[in-house]
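Hi there,

Here is the structure I promised to pass on to you. Have a look at it first, and then read on for what turned up in it.

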Amino acid sequence: MAAKAVVGLLLWPCFYWLAVSTAVVALAALLRAEMTMPSNAQAIEALVSEIKSGSDDAAAVARACEQGVSASGIDRNGLPLIVIAAGFGKPKQAEELLRRGANIDVQLSGGATALWMAAAEGFV
């Protein structure tokens, strides 16, 4: 019994070091991923700005998609483009996103969908 306790006491620093170093490596990878913006992040943010402030112009979505923005893309806050378009009452832009492959059933972390956002904002 005492031998097991001694071995445990001797091995504890090794396990502690392993856990800490694993956490440090994981944190470093997370920070690298956070700092590395996708190549089309600026194009996504430009489309988000267009959706939020511009007219309901489906051509803006078409142009962004032709420049490499995925219809299923998300903005820097993690919101899918289809949810943003629906929440800002832009049916033509939402339709263009759907036509280009956006998932109408995508859910936010709380379970809200594009339809729910449109209804919550009084557009349905």
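Let me begin with one residue, Glu45, which sits in helix 2 (helices, H or I, of at least four residues, and strands, E, of at least two, are DSSP runs, numbered from the N terminus). Glu45 has a relative accessible area of 17% and therefore counts as buried (buried means under 20% relative accessible area, exposed over 50%, and partly exposed in between, with a 1.4 Å probe and protein chains only). Setting aside residues within four places in sequence, Glu45 is in contact with Asp75 and Arg76 (contact means heavy atoms within 4.5 Å). Its C-alpha atom is 9.9 Å from that of Val69, and the two residues are 24 apart along the chain.

Before going further, a word on what you are looking at. This is a predicted model, in which local features need pLDDT of at least 70 and side-chain atom pairs count only at pLDDT 80 or more, while totals for chains, interfaces and linings use all residues. Residues are numbered from 1 along each chain as its sequence is written, and side-chain values use heavy atoms, with hydrogens and water left out.

How confident is the prediction? The average pLDDT of the protein is 80, and 69% of the residues score at least 70 (pLDDT is the predictor's confidence in each residue, from 0 to 100). Confidence is highest in helix 5, at 96, and lowest in helix 1 (residues 2-35), where the mean is 52. Residues 33-37 have a pLDDT below 50, and this stretch has zero contacts in the model beyond near neighbours in sequence. Please keep that in mind when you look at that part.

Now the overall layout. The protein has six helices and zero strands, which gives the pattern α-α-α-α-α-α along the sequence. Of its 124 residues, 27% count as buried. Among contacts with a separation of 6 or more, 66% are between residues 24 or more positions apart.

What is in the largest nonpolar core? This core has 22 residues, and Leu47, Val69, Leu81, Ile82 and Leu97 have the most contacts inside it (a nonpolar core is a set of buried Ala, Val, Leu, Ile, Met, Phe, Trp, Tyr and Cys residues joined through side-chain atoms within 4.5 Å). At least two residues of the core come from each of helix 2 (41-53), helix 3, helix 4 (81-87), helix 5 and helix 6 (114-120). Helix 4 supplies the largest share, six residues. In soluble globular proteins, nonpolar side chains tend to be buried together. As for Leu47, its contacts outside the four nearest places in sequence are Ala60, Val61, Ala64, Val69 and Leu81.

Helix 2 also holds Val48. Val48 counts as buried because its relative accessibility is 2%. Apart from residues up to four places away in sequence, Val48 touches Asp75, Leu81 and Ile84. From Val48 to Ala85 the C-alpha distance is 8.3 Å, with their positions 37 residues apart in sequence.

Two residues of helix 4 are worth finding on screen. One is Ala86, which is buried because its relative accessible area is 12%. Beyond four places in sequence, Ala86 is in contact with Ala114, Ala118 and Phe123, and its C-alpha atom is 8.7 Å from that of Ala119, 33 residues apart along the chain. The other is Gly87, also in helix 4, which is buried because its relative accessibility is 11%. Gly87 is in contact with Met117, Ala118, Glu121 and Phe123, again leaving aside neighbours within four places. Gly87 and Leu115 are 28 residues apart in sequence, and their C-alpha atoms are 8.3 Å apart.

Finally, which way do helix 3 and helix 5 cross? The axes of helix 3 (residues 58-66) and helix 5 (residues 91-99) come within 7 Å and cross at roughly 35 degrees (axes are lines fitted to C-alpha atoms, for helices over the stretch in contact, and angles run from 0 to 180 degrees between N-to-C directions). The crossing is right-handed, a term used when the near helix is turned clockwise from the far one by less than a right angle. Helix 3 makes the contact through Ala58, Ala60, Val61 and Ala62, and helix 5 through Lys92, Gln93, Glu96 and Leu97.

Happy exploring, and best wishes!
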